[in-house]
Amino acid sequence: MDRSIALRGLGTLVLCAAAADRASVAPVPYSEMASSAYMAPDKSDASGRVPYRYSTPVDWRAYNAYNKVILDPVVLYRGKDHQFGDMSDKDKDKATLAAYMQNSFAERLRGRFALVRERGPNTLRIRLTLTGAVTNTPVLGTLSRFDLAGAVYNGVQAARDGEGTMTGSVVYGVEIFDAATSRLLSAYVTKQYPGAYDIKASVGALAAATAGLDKGADALMAQLN
């Protein structure tokens, strides 16, 4: 057998195995999130990004409705069903992601709401819980976009808004309350990741996870608008 063909075949197997391994990281209704008992499978979500959700009928932009928001500090989830993989509780990557998440969501919320600290009428309270993350595979994650086998696989994934090869991701929960009454209005868990051909998001251990957080913040704003 031609050596180059054999190597390409081996490369394809490695890429497929890596993709399958990362695809196995999927959100669950995390047992220690306060809203987990209310969540149910979201059958309307064909993407698989938001597999569990709880919602009540809310007109977010109704007259005299919500125009202020309290954004709680991001919670680092410590339940046994977390999905941080090899990241330890003392791992700086967790703190880095939590800080980035706080800033990313605050920046987007500020474009629609006044960020406040006190509970009151017309005010939402949002709690974000970082429940897991996967880092990029160094070097190989980027190279796989140019490898023949990787290009084919990533092309398919890009067309279906799926994950790229050897690319990181982030999983977290969102809980939205009426600040004045503490009534739970909406909750969901989600997995976010960059586009399969987002080369920039493949460079650096946390680049894909932070890109996923930006996409997740945009998705939350789409819900609230």
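## Close-up views of a predicted protein chain

**Figure 1. The whole chain, element by element.** Read along the sequence, the pattern is α-β-β-β-β-α-β-β-α-α-β-β-α. That comes to five helices and eight strands for the protein chain, where helices (H or I, at least four residues) and strands (E, at least two) are DSSP runs numbered from the N terminus. This is a predicted model, in which local features need pLDDT of at least 70, side-chain atom pairs count only at pLDDT 80 or more, and totals for chains, interfaces and linings use all residues. Residues are numbered from 1 along each chain as its sequence is written, and side-chain values use heavy atoms, with hydrogens and water left out. The protein chain has 225 residues, and 47% of them count as buried (under 20% relative accessible area; exposed is over 50%, and partly exposed is in between, with a 1.4 Å probe and protein chains only). Its accessible surface comes to about 11500 Å², and 57% of that belongs to carbon and sulfur atoms; these areas come from the Shrake-Rupley method with a 1.4 Å probe, and for residues only the protein chains shown count as cover. Take the contacts (heavy atoms within 4.5 Å) between residues at least 6 apart in sequence: 77% of them join residues at least 24 apart.

**Figure 2. The largest nonpolar core and a second one.** The largest nonpolar core has 33 residues, and L124, I126, L130 and L224 touch the most other members. Such a core is a set of buried Ala, Val, Leu, Ile, Met, Phe, Trp, Tyr and Cys residues joined through side-chain atoms within 4.5 Å. At least two residues of this core come from each of β3 (68–71), α2 (92–109), β6 (123–134), β7 (169–178), β8 (184–192) and α5 (207–224). Another core, of nine residues, lies apart from it, with Y30, M33, M39 and F177 among its members. Back in the largest core, click on L130: leaving aside neighbours within four places in sequence, L130 is in contact with V74, V75, L76, Y77, F84, K94, L97, A98, M101, V170, V171 and Y172.

**Figure 3. Helix α2 alongside helix α5.** The axes of these two helices, α2 and α5, come within 9 Å and cross at roughly 30 degrees. That makes α2 roughly parallel to α5. Here the axes are lines fitted to C-alpha atoms, for helices over the stretch in contact, and angles run from 0 to 180 degrees between N-to-C directions. Angles under 35 degrees count as roughly parallel, over 145 as roughly antiparallel, 65 to 115 as roughly perpendicular and the rest as oblique. The crossing of α2 past α5 is right-handed, meaning that the near helix is turned clockwise from the far one by less than a right angle (anticlockwise would be left-handed). To find the interface, pick out L97, Y100, M101, S104, F105, R108 and L109 in α2, which meet A209, T210, L213, D214, G216, A217, D218, L220, M221 and L224 in α5.

**Figure 4. Q102 on helix α2.** Q102 is found in helix α2, and its relative accessible area of 22% makes Q102 partly exposed. Not counting residues up to four places away in sequence, Q102 touches L71, D72, P73 and V74. Q102 and L71 are 31 residues apart along the chain, with their C-alpha atoms separated by 8.2 Å.

**Figure 5. M39 and T129, two buried residues.** M39 is in the loop between α1 (3–23) and β1 (40–41), and counts as buried at 11% relative accessibility. Beyond four places in sequence, M39 is in contact with M33, Y52, R53, Y54, A187, Y188 and V189. M39 and R53 are 14 residues apart in sequence, and 4.9 Å apart in space, C-alpha to C-alpha. T129 lies in strand β6, and is buried too, at 4% relative accessibility. Residues up to four places away aside, T129 touches M33, V75, Y77, Y172, G173 and E175.

**Figure 6. Three loop residues: P194, N122 and S182.** P194 lies in the loop between β8 and α5 and counts as buried at 3% relative accessibility. P194 and A207 are 13 residues apart in sequence and 9.0 Å apart in space, C-alpha to C-alpha. N122 is in the loop between β5 (114–115) and β6; N122 isn't a glycine, yet has a positive phi of about 60 degrees. At 23% relative accessibility, N122 counts as partly exposed. S182 sits in the loop between β7 and β8, also with a positive phi, of about 65 degrees, although S182 is not a glycine. Its relative accessibility is 35%, so S182 counts as partly exposed.
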